[in-house]
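Colleague: I would like to go through this model one question at a time. Where should we begin?

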Amino acid sequence: MQKVPSGTRGRLVLTALTAVLIAAGSGNASAQPTSWGPLAAPNPFLGPMGTSTMHGDAGSSDATPLSGPGTGKLAVDPLPLAAACPTLLEGSDGLVLALCTSILGQTPTVHLIDTSALGTGSAGSTVGSFSPAASVAQLELAKGSLLGGVYAYLDNDNRLVAVDGNRMLVRVQHEQKPNGGWRLFVDQSVDLTSSIPDGDNVTGLAPDWQGNVWFATGAGRVGSVDGGGVARTLQLPAGEEVQNSISTSAFGTAVATTHALYQLSAAQDGTPTIDWRAPYDRGSARKPGQLSWGTGSTPTYFGPNGDDYVTIVDNADTQVHLLVYRAATGEMVCSQKVLSTAGPGSENSPIGIGNSVFVAGTYGYPYPTVPEGAGPAVPASAPFVGGMTRVDVDNAGTGCHTVWDNDARSSAVPHLSTADGNLYTVVRQGLPLSSDSTTPLDGFAFTVIDPNTGEVLASRDLPGTIVNDTLQMSALINSSGDYLQGTISGVIRVGG
């Protein structure tokens, strides 16, 4: 086991060595898994499992059936794009579609990336770079809100599906030209201007199991677009905003507002209807290190059958909780304290796999900007402590228990590989003697964590400082076993 990188404080706080000790006397002890899973059944209207949504699949599990780079010698190759790249997706042809926002003009731009175009980086030593030709085609989309347009998915035809700033639902296709080059183009579009009010923006979208495209807007409107391009919508209660993406399962569509978690399904005529609603403690204000006043979670489906439960993290003032509900009924399974040794907040979607959930803390993370109308943070700022917690649902499905807490300062959405059993993320490294304070000179390190114990297994420094801030963005583990991480200026590849 390698030492935790300098600046992450390096100590692990294990609140339990095994789930047996924690569950003693409850009769619901669960053994440490020798394998992870299962994942939910694939959505037939999505691309490949693990690479077709920002969070891996329709249920936003942030788990993948693909192997990552592992803990051996690793090469690091940055691809500067002069753009922040929060959405990285891979189709069945092995090409990566990145939805980025350019630094100049803040224009949403789709990049088609050939990850085989590597530079001179060698494993474990020199940092190389992608060839400038690695982005083999680009397509600008209409600009919407400042932080809008970051959610997209790949459909079962390898098309990137998104809603642009003109409120058009677009499917972006790529093809090779006769001269060997590539082009991106809008293959299909649906006008949603009559369904989404002027000034509102889509914050999340995903397909259901019937092929309808579900979306949610910042102002709390939920819609479903059928195969004929007909959109039907439902307005959620006044004052409830949707500031995170949405998830789907065979049970329905999960939407977390700034006040409550919903599951919805389509009525006979296709209109969205509420199956159940679960209010949560949203706290007294937005916290530093969060982008809205309320949960920072994209709802996560998980469970012994892949989608038995759905979970989010609340925003209670002094101690946040993981909330787990039965997807079929909305009945609460448990409310479990998380991030007990860290700051009380998480802007990230939890990892959910089998009976286990992993939560990463973002309290105090220095976002350079927040969405319009987010309101002031209380307090205005705080140290970025970081920290992760693993919680397991008991085998009987009647409660939860904490397995471990650690102090990893994760600066990206963590992902778990069911193939190699590793948890992958990027941690933020502080300057010597800086404690938990953050500075523009902080470094970043690719980090592998043992999901059984919370221990750091390996790490690899990444290039740059603030220009390569991973800004709590989601990574992609691709079919080649590479870890691709978006930053505020492009993409970094970590591979063997």
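Modeller: With a definition: Ala, Val, Leu, Ile, Met, Phe, Trp, Tyr, Cys and Pro count as nonpolar, Asp, Glu, Lys and Arg as charged, and the others, Gly among them, as polar. Keep in mind that this is a predicted model.

Colleague: By class, what residues does the lining of the second largest cavity have?

Modeller: The count comes to 6 cavities of 30 Å³ or more. The second largest has a volume of about 110 Å³, and among its 14 lining residues T53, S60, L205, S245 and I246 are the closest to its centre. By class, the lining has 8 nonpolar, 5 polar and 1 charged residues.

Colleague: How do the residues of the lining of the second largest pocket divide?

Modeller: That pocket holds about 260 Å³ of space. Its lining takes in 18 residues, with R171, Q188, G211, V213 and G227 nearest the centre, and strands β9 and β10 each supply at least two residues of it. Divided by class, the lining comes to 7 nonpolar, 6 polar and 5 charged.

Colleague: Which strands stand at the edges of the open sheet of β7, β8, β9 and β10?

Modeller: The 4 strands of this open sheet follow the order β7-β8-β9-β10 and pair antiparallel. An edge strand has a single partner, so one side of it is left without a neighbour in the sheet. That describes β7 (153-154) and β10 (182-191).

Colleague: Which residue of β9 does V161 stand opposite?

Modeller: Strand β8 covers residues 160-163 and β9 covers residues 168-176. The two run antiparallel and are joined by 4 bridges. Across from V161, in β9, is R171.

Colleague: Is F446 buried or exposed?

Modeller: F446 has its place in strand β30, residues 443-449. A residue counts as buried under 20% relative accessible area. F446 is at 0% relative accessibility, and therefore it counts as buried.

Colleague: What distance separates the C-alpha atoms of F446 and V76?

Modeller: Leaving aside neighbours within four places in sequence, the contacts of F446 include P69, G70 and L74, as well as Y424, L462 and V494. V76 lies 370 residues away from F446 along the chain. Their C-alpha atoms are separated by 9.5 Å.

Colleague: Which strands each supply at least two residues of the largest nonpolar core?

Modeller: Nonpolar side chains tend to be buried together in soluble globular proteins. The largest nonpolar core here has 21 residues, of which Y365, Y424, V426, F446, L462, Y483 and V494 touch the most other members. The strands supplying at least two residues each are β29 (423-429), β30, β32 (473-477) and β34 (490-495).

Colleague: Which residues of β33 are buried?

Modeller: In a regular strand the side chains alternate between the two faces of the sheet. Strand β33 spans residues 483-486, and both of its faces are covered. Y483 and Q485 are buried on one side, and on the other L484 and G486.

Colleague: In the hairpin of β32 and β33, which residue takes a positive phi?

Modeller: β32 and β33 run antiparallel and are joined by 3 bridges, with I477 opposite Y483. The hairpin has 5 residues between the strands. The residue with a positive phi, near 85°, is G481.

Colleague: How many residues does the hairpin from β33 to β34 pass through?

Modeller: Strands β33 and β34 are antiparallel, with 4 bridges between them. In this pair, L484 of β33 stands opposite R493 of β34. The number of residues through which the hairpin joins the two strands is 3.

Conventions: Residues numbered from 1 in each chain as written. Predicted model: local features only at pLDDT ≥ 70, side-chain atom pairs only at ≥ 80, totals over all residues. Heavy atoms only, no water. Pairing = 2+ DSSP bridges. Buried < 20%, exposed > 50% of the residue type's maximum accessible area, 1.4 Å probe, protein only. Contact = heavy atoms within 4.5 Å. Core = buried A, V, L, I, M, F, W, Y, C linked by side-chain atoms within 4.5 Å. 1 Å grid on protein atoms, 1.4 Å probe; cavity = no way out; pocket = protein on both sides within 12 Å on 5 of 7 lines; lining within 4 Å. Points joined across faces, edges and corners; volume = space filled by probe spheres on them.
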